[in-house]
Amino acid sequence: MHVFDEFDHRLIAALREDGRAPVSKLAAILGVTRATVQKRLDRLLESGAVLGFTVRFRQDHDGLAIRAIMMVEVTGRSTTAVIKQLRGMPELHSLHTTNGTWDLIAEIHAPSLSDFDRVLREVRTIDGVLNSETSIMLSSV
């Protein structure tokens, strides 16, 4: 497992700001040579600490207009079966187990309110779903 040093943290922070920045720009930002940045990037990639590079975009520019977080309470030992059903729903962007009152947290992306309403009804009819609470995300700040 890769142990991050201070330079790794600074490099990763710069990449989070601009994951497509050329090595020369990263070197200028970090005050080191291009070779130093390239060597460190290669090491981070080879170790698996960095999996790849991606584009970040504003959530409110997403083509799917409705985004929400749904907390789900599951009855008894039905969590595995409920997760299997939820994973089959294309509108569920991510799914997480959690502790406390709620057993699962799902992020929902839907193109319209009618599709969003359908997703909520489908989740609530899954065997093993006891209760749910959903909050629509209005804007990213």
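In the hairpin made by strand 2 and strand 3, six residues sit between the strands, and Gly 100 takes a positive phi near 95°. The two strands of that hairpin pair in the antiparallel sense, over five bridges. Keep in mind that this is a predicted model. Its mean pLDDT is 88, and 91% of the residues reach 70 or more.

**How sure is the predictor?**
- Confidence is highest in strand 4 (residues 129–136), with a mean of 96.
- Confidence is lowest in helix 1 (residues 6–17), where the mean is 86.
- As a rule of thumb, predicted coordinates should not be read in detail where pLDDT is low.

**The sheet**
- Four strands form an open sheet in the order 2-3-1-4, with antiparallel pairing.
- Strand 2 (92–97) and strand 4 are the edge strands, so to speak the borders of the sheet: each of them pairs on one side only.
- On average, neighbouring strands of this sheet are turned by 20° against each other, if you ignore direction.
- In general, the strands of a sheet pair through backbone hydrogen bonds, either parallel or antiparallel.
- Strand 1 (residues 66–74) and strand 3 (residues 104–110) run antiparallel and are joined by seven bridges.
- Want a pair to look for? Ile 66 has Ala 110 in strand 3 as its bridge partner.
- Back at the hairpin, Thr 97 has Leu 104 in strand 3 as its bridge partner.

**Helices on the sheet**
- Helix 4 (residues 79–87) packs on the sheet and touches strand 1, strand 2, strand 3 and strand 4. The direction of helix 4 makes about 165° with that of strand 2.
- Helix 5 (residues 113–124) lies across strand 1, strand 2, strand 3 and strand 4 too, running at about 155° to strand 4.

**Zooming in on Leu 95**
- You'll find Leu 95 in strand 2.
- Is Leu 95 buried, partly exposed or exposed? Leu 95 counts as partly exposed because its relative accessibility is 27%, which falls between the cut-offs of 20% for buried and 50% for exposed.
- Setting aside neighbours within four places in sequence, Leu 95 is in contact with Ile 83, Leu 86, Arg 87, Leu 104, Ile 105 and Ala 106.
- Take Ile 83 from that set: Leu 95 and Ile 83 are twelve residues apart along the chain, and their C-alpha atoms are separated by 8.1 Å.

**The two sides of helix 2**
- Which residues of helix 2 (residues 23–30) are buried? They are Leu 26, Ala 27 and Leu 30.
- Those three cover an arc of only 100° around the axis, so they end up on the same side of helix 2.
- Here's the general idea: an α-helix has 3.6 residues a turn, so residues three or four places apart point the same way.
- Flip to the other side of helix 2, and Ala 28 and Ile 29 are exposed.
- Helix 1 and helix 3 (34–47) are among the things that cover the buried residues of helix 2.
- After helix 2 comes Gly 31, which has a positive phi, near 70°.

**Where helix 1 meets helix 3**
- The axes of helix 1 and helix 3 come within 11 Å and cross at roughly 90°. That crossing angle is why helix 1 counts as roughly perpendicular to helix 3.
- From helix 1, the contact is made by Phe 7, Asp 8, Leu 11 and Leu 15.
- From helix 3, the residues making the contact are Thr 36, Val 37, Arg 40, Leu 41, Arg 43 and Leu 44.

Note on methods
Residues numbered from 1 in each chain as written. Predicted model: local features only at pLDDT ≥ 70, side-chain atom pairs only at ≥ 80, totals over all residues. Heavy atoms only, no water. pLDDT = per-residue confidence, 0-100. Pairing = 2+ DSSP bridges. Axes fitted to C-alpha atoms, helices over the stretch in contact; angles between N-to-C directions. Contact = heavy atoms within 4.5 Å. Buried < 20%, exposed > 50% of the residue type's maximum accessible area, 1.4 Å probe, protein only. Arc of directions from axis to C-beta. Parallel < 35°, antiparallel > 145°, perpendicular 65-115°, else oblique.
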